[in-house]
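Trainee: I have a structure to learn today. Can we go through it by question and answer?
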Amino acid sequence: MRIHLVGTGISQGIPVIGCRCAACQSSDIRDKRLRTAAVIDSGSTQIAFDIGPDFRQQMLRGGFTHLNAVFVTHEHSDHVAGLDDIRPYNWILRGAMPLYAEERVIKALEMHFPYAFMPPEKRYPGAPDLEVHELKEPFSSVQVGDLELLPFRVFHGALPILGYRIGKFAYITDCSYLPQESKELLHDLDVLVINALRHTQHPMHLSLSEALQLIAELAPREAYLTHLSHEMGPVASFEGMLPSHVHVGLDGMELEVQDTNL
Ligand SMILES: [Zn+2]
Ligand SMILES: [Zn+2]
Ligand SMILES: [Zn+2]
């Protein structure tokens with residue numbers, strides 16, 4: 001199974017429009033970040049985690065000509081605003097794109113993209129075509145092709161959102177707090193992708209030190225940081241602070257995980 005980090009940046013991406021900070025002005029390619037998302041590829045099945053405003057560019061850049069399903073972590077625009085660009089995959093699939101999310105997230109998508117949720121007879125030709133699957137607590141695993149995904153609870157400030165585990169890999173974005181019952185599902189990981197916003201604390205996101213603390217607690221073999229803010233500074237300014245098994249996530253990074261069984 002291959003994990004593609006197609007975007008690793010904060011909600012505005014890096015560089016931020018008009019910003020003159022060191023990260024935004026950096027000429028290091030590692031400091032260019034699209035909005036946070038990932039594609040998981042088992043070889044025969046490809047799924048996306050989130051469908052943010054950079055979705056089209058991310059799919060083109062990664063050459064993802066096939067997608068079997070989209071799993072949404074939460075309804076913030078930096079994670080769902082690219083939903084309209086699902087249309088080419090409707091053409092490729094010759095049908096609806098399975099989309100997995102919680103009820104509140106589905107309702108938010110219906111408000112943002114009402115034309116995509118109209119009954120087929122009322123929908124204009126060529127509108128996004130979705131096959132919506134609601135994820136409900138208590139979460140059980142979902143099978144898509146040969147990938148088995150287990151959703152788990154993550155808190156983004158007070159907002160309950162989702163992380164996903166597949167085999168020995170787990171994906172967490174926009175987390176500020178991970179409840180104990182989720183921690184218990186995240187033992188024995190080969191690879192953990194987890195958000196780390198900046199050096200200072202934030203009410204909705206883990207800071208770098210909070211993320212490192214959580215990584216130490218979960219003890220994955222390797223961890224990769226995502227959803228980084230320009231406030232973290234250029235990669236070169238903080239990569240040296242990380243333990244040897246913790247890496248700065250970068251756009252375009254590909255991670256290999258062997259064990260795909262839960
Ligand atoms: Zn976000
Ligand atoms: Zn900046
Ligand atoms: Zn968010």
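The questions below start with the metal sites and then turn to the sheet and the rings.

Mentor: First, the ground rules. This is a predicted model, where local features need pLDDT of at least 70 and side-chain atom pairs count only at pLDDT 80 or more, while totals for chains, interfaces and linings use all residues. Residues are numbered from 1 along each chain as its sequence is written, chains are lettered from A and ligands numbered from 1 in the order in which they are written, and side-chain values use heavy atoms, with hydrogens and water left out.

Trainee: Which residues coordinate the zinc ion (ligand 1)?
Mentor: Look for donors, meaning N, O and S atoms within 2.8 Å of the metal (3.2 Å for Na, K and Ca); water is not among the atoms, so sites may look incomplete. Here the donors sit at 2.1 to 2.3 Å. Their spacing in sequence is D-H-x94-D-x52-H. The residues are D78 (OD), H79 (NE2), D174 (OD) and H227 (NE2).

Trainee: What is the arrangement of the 4 donor atoms around the zinc ion (ligand 1)?
Mentor: Four donors count as tetrahedral if all angles lie between 85 and 135 degrees; four count as square planar and six as octahedral if opposite donors are over 155 degrees apart and all others between 65 and 115; anything else is irregular. Around the zinc ion (ligand 1) the angles run from 92 to 159°, so the arrangement is irregular.

Trainee: Are D78 and H79 buried or exposed?
Mentor: Buried means under 20% relative accessible area, exposed over 50%, and partly exposed in between (1.4 Å probe, protein chains only). D78 has 8% relative accessibility, so D78 counts as buried. H79 has 0%, so H79 also counts as buried.

Trainee: Which residue bridges the zinc ion (ligand 3) and the zinc ion (ligand 1)?
Mentor: The zinc ion (ligand 3) is coordinated by H74 (NE2), H76 (ND1), H156 (NE2) and D174 (OD), at 2.2 to 2.3 Å. D174 is a donor of the zinc ion (ligand 1) as well. The two ions lie 3.5 Å apart. The bridging residue is D174.

Trainee: How many residues apart are H76 and D174?
Mentor: H76 is partly exposed, because its relative accessibility is 28%. D174 is buried, because its relative accessible area is 2%. H76 lies in the loop between β4 (69-71) and α3 (77-80), and D174 in the loop between β10 and α6; helices (H or I, at least four residues) and strands (E, at least two) are DSSP runs, numbered from the N terminus. The pair links distant parts of the chain, and the residues are 98 apart.

Trainee: What is the site of the zinc ion (ligand 2), with its 4 donor atoms?
Mentor: Its protein donors are C19 (SG), C21 (SG), C24 (SG) and H230 (ND1), lying 2.0 to 2.3 Å from the ion. C24 is in helix α1 (residues 22-25) and H230 in the loop between β12 and α8 (235-238), so the pair ties together parts that are 206 residues apart in sequence. C24 and H230 are both buried. The angles among the donor atoms are 105 to 115°, and the site is tetrahedral.

Trainee: Which strands stand at the edges of the sheet?
Mentor: Two strands pair if DSSP finds at least two bridges between them. Here 7 strands form an open sheet with mixed pairing, in the order β7-β8-β9-β10-β11-β12-β13. An edge strand has a single partner, so one side of it is left without a neighbour in the sheet; the edges are β7 (142-144) and β13 (246-248).

Trainee: In which sense do strand β11 and strand β12 pair?
Mentor: Strands of a sheet pair through backbone hydrogen bonds, either parallel or antiparallel. V193 stands opposite Y224 in β12, and L192 stands opposite A223. β12 is mostly covered, with 4 of its 5 residues buried. Over 5 bridges, β11 (residues 191-195) and β12 (residues 222-226) pair in the parallel sense.

Trainee: The rings of F155 and Y177 form what kind of pair?
Mentor: Rings of Phe, Tyr and Trp (its six-membered ring) pair if their centres lie within 6.5 Å; planes under 30 degrees apart count as stacked, over 60 as edge-to-face and the rest as tilted. The structure holds 8 aromatic pairs. In this one the centres are 6.1 Å apart and the planes at 40°, so the pair is tilted.
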